[in-house]
Amino acid sequence: MKIEEAILYCLASQNRGMRTEQIAEMINSKRLHIRKDGQAVTSNQVYAVICRYPEMFVKAEGMIRLMI
(Lines give C-alpha, C1' and ligand atoms only; values in the text may rest on other atoms or scores of the structure.)
Protein backbone atom coordinates (compact mmCIF):
# COMPACT_ATOMS: atom_id res chain seq x y z
CA MET A 1 0.00 0.00 0.00
CA LYS A 2 1.05 3.60 -0.38
CA ILE A 3 2.71 5.20 2.63
CA GLU A 4 -0.18 7.62 3.21
CA GLU A 5 -2.56 4.65 3.31
CA ALA A 6 -0.25 2.89 5.77
CA ILE A 7 -0.21 5.97 8.03
CA LEU A 8 -3.99 6.18 7.84
CA TYR A 9 -4.26 2.49 8.76
CA CYS A 10 -1.95 2.92 11.76
CA LEU A 11 -3.83 5.90 13.16
CA ALA A 12 -7.26 4.34 12.56
CA SER A 13 -6.31 1.01 14.10
CA GLN A 14 -4.87 2.64 17.23
CA ASN A 15 -7.77 5.09 17.48
CA ARG A 16 -5.51 7.70 19.07
CA GLY A 17 -2.77 10.14 18.19
CA MET A 18 0.71 8.77 17.58
CA ARG A 19 4.23 10.16 17.25
CA THR A 20 5.93 9.88 13.87
CA GLU A 21 8.44 7.40 15.35
CA GLN A 22 5.60 5.15 16.51
CA ILE A 23 3.92 5.29 13.12
CA ALA A 24 7.15 4.43 11.30
CA GLU A 25 7.80 1.55 13.71
CA MET A 26 4.31 0.13 13.18
CA ILE A 27 4.55 0.44 9.39
CA ASN A 28 7.88 -1.38 9.40
CA SER A 29 6.88 -4.11 11.87
CA LYS A 30 3.66 -4.93 10.00
CA ARG A 31 5.34 -4.38 6.59
CA LEU A 32 2.49 -2.12 5.50
CA HIS A 33 4.70 -0.16 3.08
CA ILE A 34 7.90 -1.33 1.42
CA ARG A 35 10.19 1.34 0.02
CA LYS A 36 11.55 0.81 -3.48
CA ASP A 37 15.10 0.70 -2.11
CA GLY A 38 14.13 -1.88 0.52
CA GLN A 39 15.06 0.36 3.46
CA ALA A 40 12.83 0.88 6.50
CA VAL A 41 10.38 3.77 6.58
CA THR A 42 11.76 6.61 8.73
CA SER A 43 9.99 9.04 11.02
CA ASN A 44 11.19 11.88 8.75
CA GLN A 45 9.49 10.23 5.80
CA VAL A 46 6.28 9.87 7.80
CA TYR A 47 6.49 13.55 8.78
CA ALA A 48 6.96 14.60 5.13
CA VAL A 49 3.83 12.68 4.12
CA ILE A 50 1.85 14.20 7.00
CA CYS A 51 2.82 17.68 5.80
CA ARG A 52 1.84 16.80 2.23
CA TYR A 53 -1.72 15.83 3.25
CA PRO A 54 -3.03 18.51 5.65
CA GLU A 55 -6.61 17.58 4.72
CA MET A 56 -6.07 14.08 6.19
CA PHE A 57 -3.75 14.56 9.16
CA VAL A 58 -3.39 17.03 12.04
CA LYS A 59 -0.15 17.79 13.90
CA ALA A 60 -0.79 18.90 17.46
CA GLU A 61 1.22 18.67 20.68
CA GLY A 62 3.80 16.35 19.12
CA MET A 63 1.14 13.88 18.02
CA ILE A 64 -0.31 13.05 14.63
CA ARG A 65 -4.07 12.55 14.45
CA LEU A 66 -6.61 11.92 11.73
CA MET A 67 -8.50 14.97 10.53
CA ILE A 68 -11.72 12.94 10.23
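Start with the whole chain in cartoon view: read along the sequence, the protein follows the pattern α-α-α-β-β. That comes to three helices and two strands. Here helices (H or I, at least four residues) and strands (E, at least two) are DSSP runs, numbered from the N terminus. This is a predicted model, in which local features need pLDDT of at least 70 and side-chain atom pairs count only at pLDDT 80 or more, while totals for chains, interfaces and linings use all residues. Residues are numbered from 1 along each chain as its sequence is written, and side-chain values use heavy atoms, with hydrogens and water left out.

**The whole protein**

Turn the model around. Along its principal axes the C-alpha trace spans about 30 × 20 × 20 Å. The secondary structure, three helices and two strands, is packed into a radius of gyration of 11 Å, close to the 11 Å that the globule rule gives for 68 residues, so the protein is as compact as a globular protein of that length. This radius is taken over C-alpha atoms, and the globule rule is 2.2 Å times the number of residues to the power 0.38.

Now colour by accessibility. Buried residues make up 31% of the 68 residues; buried means under 20% relative accessible area, exposed over 50%, and partly exposed in between (1.4 Å probe, protein chains only). Contact means heavy atoms within 4.5 Å. Among contacts between residues at least 6 apart in sequence, 41% join residues at least 24 apart.

**Select helix H1, residues 3-14**

Glu-4 is a good first stop in helix H1. Which residues does Glu-4 touch, not counting those up to four places away in sequence? They are Val-49, Tyr-53 and Phe-57. Glu-4 is buried yet has no salt bridge, and the nearest side chain of opposite charge, Lys-2, is 4.5 Å away. For the charges, Lys and Arg count as positive and Asp and Glu as negative, with His and the chain ends not counted. A salt bridge is a side-chain nitrogen of Lys or Arg within 4 Å of a carboxyl oxygen of Asp or Glu.

Move along to Leu-8, also found in helix H1. At 31% relative accessibility, Leu-8 counts as partly exposed. Leaving aside residues up to four places away in sequence, Leu-8 touches Met-56, Phe-57 and Leu-66. For a view across the fold, draw a line from Leu-8 to Ile-50: these two are 42 residues apart in sequence and 9.9 Å apart in space, C-alpha to C-alpha.

Next comes Asn-15, in the loop between H1 and H2. Asn-15 has a positive phi of about 55° although it is not a glycine. At 70% relative accessibility, Asn-15 counts as exposed.

**Select helix H2, residues 20-30**

Show the side chains here. Thr-20, Ile-23, Ala-24, Met-26 and Ile-27 are buried. Why do these buried residues lie on the same side of H2? They cover an arc of only 165° around the axis, which puts them there; the arc is that of the directions from the helix axis to the C-beta atoms. An α-helix has 3.6 residues a turn, so residues three or four places apart point the same way.

What covers the buried residues of H2? The cover includes helix H1, helix H3 (43-52) and strand S2 (63-66). Flip to the face turned away from the buried side of H2, and you will find the exposed residues Glu-25 and Ser-29. Just after H2, Arg-31 takes a positive phi of about 55°.

**Look for charged pairs**

How many salt bridges are there? The count comes to two. For one of them, select Arg-19 and Glu-21, where the closest N and O atoms are 3.6 Å apart. Arg-19 is partly exposed, with a relative accessible area of 41%, and Glu-21 is partly exposed at 43%.

Then select Asp-37 and Arg-35, which form a salt bridge with their closest N and O atoms 2.7 Å apart. Asp-37 counts as partly exposed at 48% relative accessibility, and Arg-35 is partly exposed at 22%.

**Finish at the hairpin**

Select strand S1 (residues 57-60) together with S2: they run antiparallel and four bridges join them. Two strands pair if DSSP finds at least two bridges between them. Ala-60 stands opposite Met-63 in S2.

The hairpin has two residues between the strands. Your last stop is Glu-61, found in the loop between S1 and S2. Glu-61 has a positive phi of about 55° although it is not a glycine, and it is exposed, with a relative accessible area of 75%.
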